[in-house]
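Here are some friendly notes to read beside the structure. Please keep the viewer open and find each residue as you go.

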Amino acid sequence: MAKLRRETHTAFSEAPSLRLRAAWLYYNQGMTQKDVAEKLGISRSTVIRLLDEAMKRSDVQIWINEGIEDFVSLSIDLEKAYGLDEAVIIPTGSDKVGDIAKGVGLALGQFLSEIVPDNATIGVGWGRTMTASLSSFRPPRRENCKVVSLLGGIVAVHQTNPLDYTWRLASALGAECYMFLAPLLVDSIETKRALIEKCGLSTLYALAENLDLAIVSCGDIGPHSTSLSEGFISKQTLDELVAAGCVCDTMFNFIDAEGRSVDHPINNHAMSIDLDTLKKAKHIVLASGGAHRATAIRATIKRIGCNTLITDEAAARALMELSSGDATASARKSDSIVGKHDA
């Protein structure tokens, strides 16, 4: 999939964050206008207009205005460290889980309003962050789009129901909607297989093999876990997952710090598209925030990859600390191997 482009709304192209980002890449990173256009997914003419606007607003003098440099630099560092196409970072205004989810969700909704193309098959996950994105999701009507739910729903009405999010997103786009009409958890592998093979869910799995765009979130495994707070798993199950090394819930797939599925029955009983299938998507958007979720975000990236990460500053800085730790550990391992050879 080509670099996602923001061409649908001129207003977004003139947004301060994009204008300053273009200026930073051009003046401080030494990129050409063509390179900046490709990096940001916009046309070269838009880059020229953004740079001109930055000069008129005095954003560009000898330096980018005070306070901007660290923020844009953090985004670029994050992209390099984790192999991202783009990192969208919002300021951390509160350490409350709900406030973080709302802030990151609003950024996700604005981002999706601009980049969903015609003729796209879009897979969507669930969570508080994704539900929050609906309040800022204002896309134009798209042609021939399909929105596919990537996991089952729940019988009781909850604030974060996967099926509800899928339906509302598809309705806003004017897209076909493919609902994962199954419970989030079943009692056995046999029941799961029967639902897929005999109850029409195989269509969803086939669509999931060829996604143009996957939109997912991830949660940490702890007292603020969405799965626990919404009653999807019990405290006993949570404790068992932690004991098995779980640090992350990505679309009700429970994984460890290296992105590997933990050894627990819940991973076989969840009605959810497998993460190894999800990673085949042409472009993956991961939205999650909060420093407490940095390990979960890192684990998810390790497992499925990520093209666009939408997060907050606290999570971004925590992710960079984790990356530095990875680099240090890798260097020590390399030195150890060299030492053995020298010996």
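1. Let's start with a pair of strands. Strand β5, residues 213-216, pairs with β9 in the parallel sense, and three bridges hold the pairing. You can pick out one of these partnerships by eye: Ile215 has Val285 as its bridge partner in β9. Please remember that you are looking at a predicted model.

2. Now look to the other partner of β9. Strand β10, residues 308-312, runs parallel to β9 and is joined to it by three bridges. Val285 turns up again here, with Thr308 as its bridge partner in β10. To get from β9 to β10, the chain passes through helix α15, residues 294-304, and this β-α-β crossover is right-handed.

3. Which residues of β9 point to one side, and which to the other? Strand β9 covers residues 284-287, with Ile284 and Leu286 on one side and Val285 and Ala287 on the other. These four are all buried, and both faces of the strand are covered.

4. Next, the nonpolar interior. The largest nonpolar core has 45 residues, and the members that touch the most others are Leu78 and Leu278. Helix α15 supplies the largest share of this core, six residues. Try selecting Leu78 to see its surroundings: beyond its neighbours within four places in sequence, the contacts of Leu78 include Leu84, Ala87 and Ile89, as well as Leu309, Thr311, Ala316, Leu319 and Met320. Apart from this core lies another one, of 28 residues, and Ile215 is among them, along with Ile100, Leu134 and Leu173.

5. How many cavities of 30 Å³ or more does a search of the whole structure find? The search finds two. The second largest holds about 30 Å³ of space. Its lining is made by Val97, Ile100, Ala101, Val104, Thr129, Ser288, Gly289, His292 and Arg293. Helix α6, residues 97-115, gives the most to this lining, with four residues.

6. There is also an open sheet of three strands, in the order β6-β7-β8, and its pairing is antiparallel. The edge strands are β6 (219-220) and β8 (253-255), each of which pairs on one side only. Between β7 (residues 248-250) and β8 there are three bridges, and these two strands run antiparallel. One pair to find is Cys248 with its bridge partner in β8, Ile255.

7. Is Ile221 buried or exposed? Its relative accessibility is 13%, so Ile221 counts as buried, the cut-off being under 20%. This residue sits in the loop between β6 and α11 (226-229). Setting aside residues within four places in sequence, Ile221 is in contact with Leu238, Val242, Cys246, Val247, Cys248, Asp249 and Phe254. There is a long-range neighbour to check as well: the C-alpha atoms of Ile221 and Ala296 are 8.2 Å apart, although 75 residues separate them in sequence.

8. Lys192 deserves a visit too. You will find Lys192 in helix α9, residues 189-198. With a relative accessible area of 17%, Lys192 is below the 20% cut-off and therefore buried. Not counting residues up to four places away in sequence, Lys192 touches Val186, Tyr205, Asn267, Asn268, Ala270, Met271 and Ser272. Asn268 lies 76 residues from Lys192 along the chain, yet their C-alpha atoms are separated by 8.3 Å.

9. From Lys192 you can step across to Asn267, one of the residues it touches. Asn267 belongs to helix α13, residues 266-269. At 16% relative accessibility, Asn267 counts as buried. Besides Lys192, Asn267 touches Phe252, Asn253, Phe254, Ser261 and Val262, again leaving out residues up to four places away in sequence. Phe254 is a handy link back to an earlier point, as it is also in contact with Ile221.

10. Finally, step back to the whole chain. The protein chain has 16 helices and 10 strands. Buried residues make up 52% of its 343 residues. Among contacts between residues at least 6 apart in sequence, 74% join residues at least 24 apart. The pairing of Ile215 with Val285 is a good place to return to if you want to see two parts of the chain meet.

Definitions and conventions:
Residues are numbered from 1 along each chain as its sequence is written. This is a predicted model: local features need pLDDT of at least 70, side-chain atom pairs count only at pLDDT 80 or more; totals for chains, interfaces and linings use all residues. Side-chain values use heavy atoms; hydrogens and water are left out. Buried means under 20% relative accessible area, exposed over 50%, partly exposed in between (1.4 Å probe, protein chains only). Two strands pair if DSSP finds at least two bridges between them. A crossover is right-handed if, with the strands pointing away from the viewer, the path from the first strand over the helix to the second runs clockwise. A nonpolar core is a set of buried Ala, Val, Leu, Ile, Met, Phe, Trp, Tyr and Cys residues joined through side-chain atoms within 4.5 Å. Contact means heavy atoms within 4.5 Å. On a 1 Å grid over the protein atoms alone, a cavity is a set of points where a 1.4 Å probe fits but cannot get out, and a pocket is an open set with protein on both sides within 12 Å along at least five of seven lines; lining residues have an atom within 4 Å of a point. Grid points are joined across faces, edges and corners, and a volume is the space filled by probe spheres set on the points.
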